[in-house]
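This note is offered to a colleague who is meeting the structure for the first time. The points below are numbered for ease of reference.

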Amino acid sequence: MAQVAQIIADHGCDIMDISQKLMQEFFTMILVVNLTSAEATFEHLQSEFQQLAESLGIRIFAQHEDVFNALNRL
């Protein structure tokens, strides 16, 4: 969590909400991040999260709010 939060902070973004849950044997976390004042593109942040995930042996899915909202309308 600290390294994810550090990437977010390093690029001038703000964590607006955090939700954590255990689902079977999996730890899940959802972050709502405000990118309004971001110093990087969403795609750049996705790339950094992917690099971090690979180094830690975990999965990180970064999804733009527009995609999230569209999927939840179906």
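1. Buried residues account for 15% of the 74 residues in the chain. The reader should bear in mind that the model is a predicted one.

2. As to the overall layout, the chain holds three helices and two strands. Followed along the sequence, these elements give the pattern α-β-β-α-α. Along the principal axes, the C-alpha atoms occupy a box of roughly 35 × 35 × 20 Å.

3. The largest pocket deserves separate attention. The space within this pocket comes to about 1300 Å³. Its lining consists of 29 residues, and those nearest the centre of the pocket are Met29, Ile30, Leu31, Phe61 and Ala62. Two or more lining residues are supplied by each of helix H1 (2-10), strand S2 (26-34), helix H2 (42-56) and helix H3 (65-73).

4. Which element gives the largest share of the lining of the largest pocket? That element is S2, with nine residues. In chemical character, the lining of the largest pocket comprises 21 nonpolar residues, six polar ones and two charged ones.

5. Strand S2 also contains Thr28. This residue has a relative accessible area of 25% and is therefore classed as partly exposed, since that class lies between the limits of 20% and 50%. Thr28 and His44 stand 16 residues apart along the chain, and 23 Å separates their C-alpha atoms.

6. Gln24 lies in the loop that joins strand S1 (14-23) to S2. Its phi is near 55°, which is a positive value in a residue other than glycine. For context, most residues other than glycine have a negative phi. Is Gln24 buried or exposed? Its relative accessibility is 73%, so Gln24 counts as exposed, the cut-off for that class being over 50%.

7. On the surface, Met1, Ile15 and Ile18 together make a nonpolar patch of about 230 Å². Of these residues, Met1 belongs to the segment before H1. Met1 is counted as partly exposed because its relative accessibility is 44%, a value that falls between the limits of 20% and 50%.

8. In summary, two features may serve as starting points when viewing the model. One is the largest pocket, in whose lining S2 has the largest share; the other is the nonpolar surface patch made by Met1, Ile15 and Ile18.

Technical notes:
Residues numbered from 1 in each chain as written. Predicted model: local features only at pLDDT ≥ 70, side-chain atom pairs only at ≥ 80, totals over all residues. Heavy atoms only, no water. 1 Å grid on protein atoms, 1.4 Å probe; cavity = no way out; pocket = protein on both sides within 12 Å on 5 of 7 lines; lining within 4 Å. Points joined across faces, edges and corners; volume = space filled by probe spheres on them. Helix = DSSP H or I, 4+ residues; strand = E, 2+ residues; numbered from the N terminus. Nonpolar A, V, L, I, M, F, W, Y, C, P; charged D, E, K, R; others polar. Patch = residues over 30% accessible without salt bridge, like charges linked within 9 Å, V, L, I, M, F, W, Y side chains within 5 Å. Areas by Shrake-Rupley, 256 points an atom, 1.4 Å probe, with all protein chains shown as cover. Salt bridge = Lys/Arg side-chain N within 4 Å of Asp/Glu carboxyl O. Buried < 20%, exposed > 50% of the residue type's maximum accessible area, 1.4 Å probe, protein only.
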